[in-house]
Amino acid sequence: MSKELPIIVIVGRPNVGKSALFNSILRKRVSIVHEQSGVTRDRVVAPGEFHGRRFLLVDTGGLGVHHKEKTVDVFDGMIREQVAEVVEEAAVLIWVVNIQDGITPQDQEVADFLRKSGKPVVIAANKGDNVNARADAVGLFAALGYEDIIPTSCTHSIGMSDLMERVLELVPASAGDVEAETAEASAPPMRVAVVGRPNVGKSSLVNYLLGEQRVMVSDIPGTTRDAIDIPVTLECDGIELPVTLIDTAGMRRQKQIDTVVEFFSLSRTNNAIKRADLVLFMIDATDPCTTQDRRIGHVVVEERKPCIILANKWDLAERGSKEQEVVARIRAEMPFMNHAPVLLLSVLKGFNVNKISHRLLHVREQMGVTVPTAVFNQFLQDTLARTPPPSTGTKRFKIFYGVMRSCPPPKFILFVNKRSLCPRNYSQFLENQIREAFYPEAGLPIILELRERESPQGEKASGIRQAAAGAKRRRESEFQSVQRRISHRKGQRNG
Ligand code: GDP
Ligand code: GDP
């Protein structure tokens, strides 16, 4: 699986449809993740896929909006700098303009800014809601000096394929998405452990997921002592998702052990969890959590595995039972598992079982997300402004800047003045905020490491921003080499 997805950044003056385009390219309404001074804003970064090629999409509109009560011009002052930092990390830029307005003075400003960036640009001439408007697009924006002008209408989902085909042609061959494509084909399937105490419905679920493919099970000898590995291809919206189910209930079927208590052993479950990329943790929706449930939950957390809680037998719930109440009960009983989304399920009735593959696909997508340094520091700045760390005595905990180190699971390093000044609940708060902003609903554990460092003169107030600039410098040589590869490819194409 790719660790470095190429970054595609959407830029443009306000109100041209950047956020609409972001959603259209991702073909979904992207969840709204955080609120700032009463303004709700959309996500600014999300993983996407087009014809099997994977990338990270960034909406710079989202970067500006939260700074003031209303939409601000992302090409003004400080925000312009932030956009510049994000643009630095981009493989390609999508510049959105509005066919209905033609070229405006603000577009000219954006043009100057983009020229300086030296990045490849594809223009999305948006709001081309009818044929005539779209036919005019190229003539209308030719003066901007870019060859690639693709008419689009986000409202009618027109032009997205043309746009993305062109954009992805410009992503250098050596960047992460091409690796992702080949890695994807040869990557081992995702290992999914199905765990839970006896009688919650594990066997039933595995059988359900196998469906037509059940016949295969007999052909596969138990591959480990503890569990049976069953390769299966799940389908989700036409996308095939090969997974290996690690079936801890399978041994019982194989060995004809009669009593479930005899079968159950925590070590079997532990091993399955250790070997898994993701854990489907089954519990009973209608029973309070047991000690055994909690023990399994603790292993999942200790092993830092992404996890989805499946609350099964929902069909047995009393009439009028509410989903939120069940989820609230589970949260109260296993607070240490708060990061894991809960899916109510009835394997017996087939209720919500098809949602499992959606969730798996989502987790797989999220596992490939690396957060650009500039976006991460922008996020930190926001979060610190909104909820500053509490002071302990006379000293206050300070975060100078942060970087993402690895994924999965996503690991972030924060450079701080003094670790001991950070209360446990504040680092937990930061973990939750990171999860919400970049990995919503995926059940991924977030690893946050605090490292102490000296505060150089003048860095106190603007450390985060300076750090982003530092990262920018470090990346410069990398960008130059990407640029060289692009010109080389362009040369090859023209020649
Ligand atoms: P942003 O500020 O650039 O992110 O712009 P938004 O995505 O918020 O869109 C601004 C307005 O333009 C919203 O009211 C959208 O519904 C509208 N809009 C976006 N795309 C289209 C389009 O293709 N056609 C039309 N007619 N309106 C659009
Ligand atoms: P395991 O021990 O976790 O593998 O559980 P099984 O799959 O063997 O299921 C235990 C019992 O629960 C069996 O009698 C299943 O038929 C039943 N069962 C499984 N799923 C459901 C469900 O969604 N609703 C109800 N009512 N019963 C279920």
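How many disulfides does the count come to? In this predicted model, the count comes to zero disulfides when a pair of cysteine sulfur atoms has to lie within 2.5 Å.

## Cysteines

Two of the cysteines can be described by their cover. Cys154 has a relative accessibility of 11% and therefore counts as buried, since buried means under 20%. Cys422, with a relative accessible area of 12%, is buried as well. Cys154 also takes part in the surroundings of ligand 1, where it is listed among the residues that come nearest.

## The site of ligand 1

Around ligand 1 there are 14 residues, of which Asn15, Lys18, Asp129, Cys154 and Thr155 come nearest. By class, this shell divides into four nonpolar, six polar and four charged residues. Helix α1 gives the most to the shell, with three residues.

Several polar contacts can be listed at this site. A backbone N or O atom of Asn15 lies 2.7 Å from an oxygen atom of ligand 1, and a polar backbone atom of Ala20 is 2.8 Å from an oxygen atom of the ligand. The side chain of Thr155 contributes an N or O atom that is 2.7 Å from a nitrogen atom of ligand 1. Taken alone, ligand 1 exposes 580 Å², and the protein buries 68% of that area.

## Helix α1

Helix α1 spans residues 18-26 and is mostly covered, with seven of its nine residues buried. These buried residues are Lys18, Leu21, Phe22, Asn23, Ser24, Ile25 and Leu26; Lys18 is also listed among the residues that come nearest to ligand 1. The helix is followed by Arg27, whose phi is positive, near 55 degrees.

## The site of ligand 2

The surroundings of ligand 2 comprise 17 residues, and those that come nearest are Asn199, Lys202, Ser203, Ser204 and Asp315. The shell is made up of six nonpolar, six polar and five charged residues. Helix α8, which runs over residues 202-210, supplies the largest share of the shell, namely three residues.

Polar contacts to oxygen atoms of ligand 2 come from both side chains and backbone. A polar side-chain atom of Ser204 lies 2.5 Å from an oxygen atom of the ligand, while a backbone N or O atom of Val200 lies 3.2 Å from an oxygen atom of ligand 2. A polar side-chain atom of Ser346 lies 3.3 Å from an oxygen atom of the ligand. Of the 580 Å² of accessible area that ligand 2 has on its own, the protein covers 79%.

## Met282 and Thr248

Met282 lies in strand β12, residues 278-284, and at 0% relative accessibility this residue counts as buried. Although Met282 and Val200 are 82 residues apart along the chain, their C-alpha atoms are separated by 6.4 Å. Val200, which has a backbone atom in polar contact with ligand 2, is also among the residues in contact with Met282 once neighbours within four places in sequence are left aside. The other contacts of Met282 on that basis are Val194, Val195, Gly196, Arg197, Gly201, Lys202, Leu205, Leu310, Asn312, Leu345 and Val347.

Val194, one of these contacts of Met282, also pairs with Thr248: the backbone oxygen of Val194 lies 2.8 Å from a polar atom of the Thr248 side chain. Thr248 is placed in the loop between β11 (239-247) and α10 (250-255). Its relative accessible area is 3%, so Thr248 is buried.

Note on methods. Residues are numbered from 1 along each chain as its sequence is written. Chains are lettered from A and ligands numbered from 1 in the order in which they are written. This is a predicted model: local features need pLDDT of at least 70, side-chain atom pairs count only at pLDDT 80 or more; totals for chains, interfaces and linings use all residues. Side-chain values use heavy atoms; hydrogens and water are left out. A residue is near a molecule or strand if one of its heavy atoms lies within 4 Å of it. A polar contact is a pair of N or O atoms within 3.5 Å; within protein, one must be able to donate a hydrogen and the other to accept it, and residues adjacent in sequence count only if both atoms are side-chain atoms. Accessible areas come from the Shrake-Rupley method with a 1.4 Å probe; for residues, only the protein chains shown count as cover. Helices (H or I, at least four residues) and strands (E, at least two) are DSSP runs, numbered from the N terminus. Ala, Val, Leu, Ile, Met, Phe, Trp, Tyr, Cys and Pro count as nonpolar, Asp, Glu, Lys and Arg as charged, and the others, Gly among them, as polar. Buried means under 20% relative accessible area, exposed over 50%, partly exposed in between (1.4 Å probe, protein chains only). Contact means heavy atoms within 4.5 Å.
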